[in-house]
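Trainee: I would like to go through this structure slowly, asking at each step what a term rests on.
Mentor: Then let us look at it together and set each value against its definition.

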Amino acid sequence: MTTKCLRILVLTCSTRPGALGPAVGGWLVDTLAPVAKELDVDLVPVAIGDLDLPFLEEEEHPSTGVHRHEHTRRWSRIVAEADGFVFVTPEYNYGMPATLKNALDYLGPEWAWKPAGFVSYGHTSAGTRAVQHAKQVVTTLRLVPLGSTVAIRIADAMRDDRFAPGPRHAEAAEGLLGELVRVAHALTPMRERGHADAVTGPLPGSYVRPLGPDDAAEVTVLQRCCWLEEALINDTLDIPALHETLDDVRAWLAEWDVTGLWRDGRLLGMVRTRRDGDDLHIGRLAVVPDLRGLGVGRWLLGRAESAAEGCRRVLLTTGVASHRNLALYQRQGYVVLPDPRDDGAVDLAKAVTV
């Protein structure tokens with residue numbers, strides 16, 4: 001599960017000239033800015049009126065993800081990059097604005113498995129009937145509506161023709177953001193399985209995807225878990241994977257091509273590759289201890305070797321006393337190179353067959 005900063009879209013839904021929506025959205029972003037910083041959240045204000053979305057005119061069904069018009073593709077990118085949403089909506093005739101319904105209908109997979117919070121405003125009902133209407137729609141898109149809401153009765157929030165809600169509204173907004181962040185993190189595995197780069201893994205319910213700097217925390221934990229055993233076997237703590245800081249890990253995640261195996265938000269294994277001339281270097285092959293012996297390491301190694309097209313050989317390194325690793329590599333066709341090393345490690349190579 002990535003630990004990157006959450007990106008939360010604050011969507012102002014009303015497009016009526018002179019509407020109160022922009023003031024409500026502005027108040028919300030300003031009020032939540034200090035809390036958002038503490039929670040490592042990036043609040044992104046967007047107004048539906050700025051998206052230039054006509055009534056839905058795409059030929060393909062939104063579930064296909066095939067978008068012909070540039071305004072749809074732009075809207076798709078904005079929604080796909082978000083980890084959650086806060087809809088700032090008025091109530092029109094017991095329901096949500098047609099502009100919000102239209103914006104929702106434009107897309108499909110981009111919405112899935114993300115939390116949706118609501119800040120409503122209105123007169124008698126404070127916009128709550130619009131929220132009830134919207135919740136029926138967003139659940140069909142696999143958005144997950146929150147229990148926390150902010151409902152603002154306009155007459156209670158105006159001070160001399162200026163929108164100025166009271167402390168209870170600010171407290172409710174902070175509670176909404178806190179719940180939204182918790183649910184967004186909980187839903188991360190569901191979102192990642194549907195990612196364009198995700199591929200089914202070797203274990204039931206598992207998937208693989210590229211790892212990047214945002215995954216440094218999970219990678220660091222996996223390394224400490226796996227290489228401590230290697231340190232004991234080889235009677236040395238002089239193993240880089242045990243001493244790297246988060247910044248060190250972020251740095252090599254940016255430089256190597258790294259594949260991670262996940263299930264339910266847990267990083268189960270990884271392997272990294274990098275080309276150097278005619279050689280493909282494979283390293284940091286790791287599998288959590290409780291899943292060893294199930295062929296996961298062999299599967300990850302094979303996936304890493306698939307990047308060797310055009311190379312002359314594949315190179316990797318392990319500890320001289322790491323007999324389990326050596327046996328695995330030799331069964332897969334690797335041979336120990338003759339030149340000894342002084343650091344207690346051994347290099348292996350495998351010729352690439354055309």
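**Sheets, a pocket and a buried threonine**

Mentor: In this predicted model, five strands form an open sheet in the order β2-β1-β3-β4-β5, and their pairing is parallel.

Trainee: What makes β2 and β5 the edges of that sheet?

Mentor: β2 (41-47) and β5 (144-153) each have a single partner strand, so one side of each is left without a neighbour in the sheet. From one strand to the next, the twist averages 20 degrees.

Trainee: How do you know that β1 and β2 are paired?

Mentor: Pairing requires at least two bridges between the strands, and β1 (residues 6-12) is joined to β2 by seven bridges, with the two running parallel, which means that they count as a pair. One of the bridge partners is V46 in β2, which is matched with L11. Helix α6 (residues 167-186) packs on this sheet and touches β1, β2, β3 (84-90), β4 (115-122) and β5, while its direction makes about 170 degrees with that of β5.

Trainee: Which strands form the sheet of eight, and how are they paired?

Mentor: That open sheet has the order β8-β9-β10-β11-β12-β13-β15-β14, with mixed pairing. Its edges are β8 (199-200) and β14 (335-336), because each has a single partner strand and so has one side without a neighbour in the sheet. Helix α8 (residues 216-234) packs on the sheet, touching β10 (257-263), β11 (266-276), β12 and β13, and its direction makes about 80 degrees with that of β11.

Trainee: Why is the pairing called mixed?

Mentor: Both senses can be found among its strands: β12 (residues 279-287) and β13 (residues 313-319) pair in the parallel sense over three bridges, whereas β10 and β11 pair in the antiparallel sense over seven bridges. In the parallel pair, L280 has V314 of β13 as its bridge partner. In the antiparallel pair, R263 stands opposite R266 in β11, and the hairpin of β10 and β11 has two residues between the strands, with D264 taking a positive phi near 55 degrees.

Trainee: Why is β10 described as largely enclosed by the rest of the structure?

Mentor: Five of the seven residues of β10 are buried, so the description follows from that count. On β10 there is also an antiparallel pairing with β9 (residues 207-210), over four bridges, in which the partner of R209 is G260 in β10.

Trainee: What makes T273 buried rather than exposed?

Mentor: The cut-off for buried is under 20% relative accessible area, and T273 has 8% relative accessibility, so T273 counts as buried. This residue is found in strand β11, and, leaving aside neighbours within four places in sequence, T273 is in contact with W256, D257, L280, H281, I282 and A304.

Trainee: What is the volume of the largest pocket, and which residues are closest to its centre?

Mentor: The volume is about 1,200 Å³, and of the 49 residues that line this pocket, W227, T317, T318, N325 and Y329 are the closest to its centre.

Trainee: Which element supplies the largest share of the lining of the largest pocket?

Mentor: That share, seven residues, comes from β12. Elements that each supply at least two residues of the lining include α11 (296-305), α12 (323-331) and β15 (345-351). By residue type, the lining divides into 22 nonpolar, 14 polar and 13 charged residues.

Technical notes: Residues are numbered from 1 along each chain as its sequence is written. This is a predicted model: local features need pLDDT of at least 70, side-chain atom pairs count only at pLDDT 80 or more; totals for chains, interfaces and linings use all residues. Side-chain values use heavy atoms; hydrogens and water are left out. Contact means heavy atoms within 4.5 Å. Axes are lines fitted to C-alpha atoms, for helices over the stretch in contact, and angles run from 0 to 180 degrees between N-to-C directions. On a 1 Å grid over the protein atoms alone, a cavity is a set of points where a 1.4 Å probe fits but cannot get out, and a pocket is an open set with protein on both sides within 12 Å along at least five of seven lines; lining residues have an atom within 4 Å of a point. Grid points are joined across faces, edges and corners, and a volume is the space filled by probe spheres set on the points. Ala, Val, Leu, Ile, Met, Phe, Trp, Tyr, Cys and Pro count as nonpolar, Asp, Glu, Lys and Arg as charged, and the others, Gly among them, as polar. Buried means under 20% relative accessible area, exposed over 50%, partly exposed in between (1.4 Å probe, protein chains only).
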